[in-house]
Amino acid sequence: MATDLRNTPILFGIAVILAFATLELAQDFFAPLLTALVFGVILSPLSDLFSRVGLRPSLSSLITVSVSLILVACLAFLLEPYIAEAIEKAPVIWFELRGTVDGIRSMISGLNEIAEDVAQAVEPDTAPAPAEAPGVDVPSITDALFYAPQYLAQFMIFIGVLYFFLMTRKEIYHWLGTTVSSVASSDFAYAERQVARYFLTITAINASFGILIAIVMQVFSMPAPVLWGIMAFLLNYILYLGPIALAGTLLVTGLVVFDGPISFAPAAVYLAINATEGQFVTPALVGHQMSVNPLLVFVSLVFWLWLWGPIGGIIAIPLLIWSISITRQAMDQAISSGTPGKLTPKRLAGADA
């Protein structure tokens, strides 16, 4: 028996590694499936709203999915002119940056020449000259047509799982509550409400933040201020890394558009507003019950980004909130507080008492 207990952590580690390897190798299947489950949890209040009106679960789920797709299509339609304008101005921006890039390249080339001269003086190089690097293949229309069925299949998996999960999620929670001894069906419902509440609150905060950034960029006379506001709204969902990426983009654009110290103003003001939102606004509106250890947030975000790229960045935080909520209900202790201690399921604790 002692041997089995000693082997348990090893077996658990092997199981975790195999699970992550499976998620990586079968990304085309598991990525849309897990994304659909996460969005199903987020959209559950809307589906419940239609159900309370008197609609059948199948119809309320269908309306929820349809409304969500329409909203995404409208957002893409609104973004299209700003994205087209940014693409049109890209050559101009590159022309403005070319002088700086050429200067940096000349400096690096000069340092390389000095290093080569020193190396030649110390030890003559008799090795043959390296071959030229092969050219980069640009994806063709044939490549796009080849990958189109793959993306269409993933989209169909996403829509199908989202619809059927919204329609049968209460039955799924009941089955999990009767199957998993340490978790009740009400715990899954509680986790669902927490994730939906968190997402709705963060969406309202990000929308206000995006509007404020658009106004600030208009004051600075930045090109396409509405696009900056929309980018601030979307990238703010990816904590830490999203704001850093947008701040870097604002810095580059500021160097192109303005001259002198004012070039750094758009990025600096954006970071100041983002810091104010992250330190005061979000904690006040989200509340202590959904507070999460920043280390858990960062590790979860980096891991899912590494595993699945942008899709992983989208689902990382909702998955973390869901896991914390389930643990808080089942173990009666929040794993985000950082307080050490043995996690004991509530049912087992009651039995011991």
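Me: What makes this set of residues a nonpolar core, and which have the most contacts inside the largest one?
Reply: The largest nonpolar core has 30 residues. Leu 34, Tyr 198, Trp 304, Trp 308, Ile 315 and Leu 319 have the most contacts inside it. Such a core is a set of buried Ala, Val, Leu, Ile, Met, Phe, Trp, Tyr and Cys residues, joined through side-chain atoms within 4.5 Å. The model is predicted: local features need pLDDT of at least 70, side-chain atom pairs count only at pLDDT 80 or more, and totals for chains, interfaces and linings use all residues. Numbering starts from 1 along each chain as its sequence is written, and side-chain values use heavy atoms, leaving out hydrogens and water.

Me: Which elements give two or more residues to this core?
Reply: They are α2 (27-42), α5 (141-179), α6 (185-219), α10 and α11 (310-331). The most comes from α11, with 9 residues. Helices are DSSP runs of H or I, at least four residues, numbered from the N terminus. Another core lies apart from this one, with 16 residues, among them Ile 213, Leu 246, Ala 247 and Ile 273.

Me: Why is Asn 236 called buried or exposed?
Reply: Its relative accessible area is 5%. Buried means under 20%, exposed over 50%, partly exposed in between (1.4 Å probe, protein chains only). So Asn 236 is buried. Asn 236 lies in the loop between α7 (225-235) and α8.

Me: What makes a polar contact with the side chain of Asn 236?
Reply: The side chain of Asn 206, at 2.8 Å. The limit for a pair of N or O atoms is 3.5 Å; within protein, one must be able to donate a hydrogen and the other to accept it, and residues adjacent in sequence count only if both atoms are side-chain atoms.

Me: Why does Leu 239 count as buried, partly exposed or exposed?
Reply: Its relative accessible area is 27%. That value falls between the two limits, so Leu 239 is partly exposed. Leu 239 also lies in the loop between α7 and α8. Its C-alpha atom is 7.9 Å from that of Phe 298, 59 residues apart along the chain.

Me: What forms the nonpolar patch on the surface?
Reply: Tyr 240, Leu 241, Ile 244, Leu 295, Phe 298, Val 299 and Val 302 do. α10 gives the largest share, 4 residues.

Me: Why is Val 302 called partly exposed?
Reply: Val 302 has 34% relative accessibility, so it falls between buried and exposed. Its place is in helix α10.

Note on methods. Patches are made of residues with over 30% relative accessible area and no salt bridge: like charges are joined within 9 Å, nonpolar side chains (Val, Leu, Ile, Met, Phe, Trp, Tyr) within 5 Å. Accessible areas come from the Shrake-Rupley method with a 1.4 Å probe; for residues, only the protein chains shown count as cover. A salt bridge is a side-chain nitrogen of Lys or Arg within 4 Å of a carboxyl oxygen of Asp or Glu.
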